[in-house]
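Here is a brief report on one protein model. Read it with the sequence and the coordinates open side by side.

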Amino acid sequence: MEKPDLRPIFFFDIDNCKKVHDLMSVLINRYFETHLSLSAADADMLHMKYYKDYGLAISGLVVHHKVDPLEYNREVDDALPLDGLITPNPKLRELLEDIDTSKVKLWLFTNAYITHGQRVVKLLGIEDLFEGITFCDYRKLPFICKPHPQMYDKAEREAGARSSEDCYFVDDSHLNCVHAQARGWTTAHLLEHDMPEPPERASKYQIRDLESLRSIFPRFFKSTSADRADQPKPSQL
């Protein structure tokens, strides 16, 4: 009889680097302009409103304009020229390989559709280090995304978490971290190096780089922070 998997889950957001984020914003605004016949200024304003209200611009487009989300994905996420923007990250891979997967299960957790998430981790050269991925499923309407509670429920269910207390999480979104922390996940808010400190912390932990996970969660790593004090820090997902 197979033993139950009692490992806790470590959820990693698939974070877009600034160049990808900026280019994606351009493509989203262009989609708003083209499909809703808006000026550039109005497109940007509505894009930001839907992002704030729903967590994703596409959610607002589906609710208010009956947009086909898979068409949107083809014209925005899948249209991004990621090959020229994202390259293999050996230091990030080294960090993830040093996590003891006999003690914790690594799982991707993204608001993107599956195709974009898979492209990003493949280009980073880390796709084989995670046991699964929870993504925003554009095929199922109404779809859910972070920070909605149902999305965290979905992640726990798909990853096989026994309880919220067995979940660990790192994300660069303040709002996503607030909601994860509130439901009992042990959460680390990842701040870009040039980002100011938020007025209120999103979660118990706040970090500037993923290498800091070693000192926060030493029990999950094969080596310690002290062992690698002189090593350069890996960049974010």
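## Helix α3 and its surroundings

In helix α3 (residues 57–65), the buried residues include Ala57, Ile58, Ser59, Gly60, Leu61 and Val62. Bear in mind that this is a predicted model. The buried residues of α3 pack against three helices: α1 (18–36), α2 (40–54) and α4. After α3 comes Lys66. The phi angle of Lys66 is positive, near 55 degrees.

## The sheet

The sheet is open and holds 6 strands. Their order is β3-β2-β1-β4-β5-β6, and the pairing is parallel. At the edges sit β3 (133–134) and β6 (205–207), each paired on one side only.

Strand β1 (residues 9–12) runs parallel to strand β4 (residues 167–171), and 4 bridges join them. Which residue of β4 stands opposite Phe12? Val170 does.

One helix lies across part of this sheet. Helix α7 (residues 149–159) crosses β1, β2 (105–109), β3 and β4. Its angle to β2 is about 145 degrees.

## Salt bridges

The structure holds 18 salt bridges. Three of them are listed here.

| Pair | Closest N to O distance |
|---|---|
| Glu131 and Arg7 | 2.7 Å |
| Lys146 and Asp171 | 3.0 Å |
| Arg183 and Glu156 | 3.1 Å |

Take Glu131 and Arg7, whose side chains meet in a salt bridge. Glu131 lies in the loop between α6 and β3, and Arg7 lies in the segment before β1, so the pair ties together parts that are 124 residues apart in sequence. Glu131 is partly exposed, at 42% relative accessibility. Arg7 is buried, with a relative accessible area of 17%.

Next, Lys146 forms a salt bridge with Asp171. Lys146 is in the loop between β3 and α7, while Asp171 is in strand β4, so this pair ties together parts that are 25 residues apart in sequence. Are Lys146 and Asp171 buried or exposed? Both are buried.

In the third pair, the side chains of Arg183 and Glu156 meet. Arg183 is in the loop between α8 (174–182) and β5 (186–190), and Glu156 is in helix α7. The pair links distant parts of the chain, 27 residues apart. Arg183 is partly exposed, with a relative accessible area of 21%. Glu156 counts as buried, at 11% relative accessibility.

Some salt bridges share partners. Asp5, Arg7, Lys105 and Glu131 are joined this way into one network.

## A buried charge without a salt bridge

Asp77 sits in the loop between α4 (69–75) and α5 (90–97). Asp77 is buried, yet has no salt bridge. How far away is the nearest side chain of opposite charge? That side chain is Arg119, and the distance is 7.8 Å. A salt bridge needs the nitrogen and oxygen within 4 Å, so Asp77 and Arg119 do not form one.

What does Asp77 touch, leaving aside its neighbours within four places in sequence? Its contacts are Met24, Tyr72, Ala112, His116, Arg119 and Tyr138. Arg119 is thus in contact with Asp77, although no salt bridge is formed by Asp77.

## Cysteines

How many disulfides does a search of the whole structure find? The count is 0. Cys136 is in no disulfide, and the nearest cysteine sulfur, that of Cys145, is 5.3 Å away. A disulfide requires sulfur atoms within 2.5 Å, so Cys136 and Cys145 do not qualify. Cys136 is buried, with a relative accessible area of 0%.

Cys167 is in no disulfide either. For Cys167, the nearest cysteine sulfur belongs to Cys177 and is 14 Å away. Cys167 is buried too, with a relative accessible area of 0%.

## The end of α6

Leu124 belongs to helix α6 (residues 114–124). At 8% relative accessibility, Leu124 counts as buried. Buried here means under 20% relative accessible area, so the value for Leu124 falls within that class. Leu124 and Ile86 are 38 residues apart along the chain. Their C-alpha atoms are separated by 6.5 Å.

Notes:
Residues are numbered from 1 along each chain as its sequence is written. This is a predicted model: local features need pLDDT of at least 70, side-chain atom pairs count only at pLDDT 80 or more; totals for chains, interfaces and linings use all residues. Side-chain values use heavy atoms; hydrogens and water are left out. Helices (H or I, at least four residues) and strands (E, at least two) are DSSP runs, numbered from the N terminus. Buried means under 20% relative accessible area, exposed over 50%, partly exposed in between (1.4 Å probe, protein chains only). Lys and Arg count as positive and Asp and Glu as negative; His and the chain ends are not counted. Contact means heavy atoms within 4.5 Å. Two strands pair if DSSP finds at least two bridges between them. Axes are lines fitted to C-alpha atoms, for helices over the stretch in contact, and angles run from 0 to 180 degrees between N-to-C directions.
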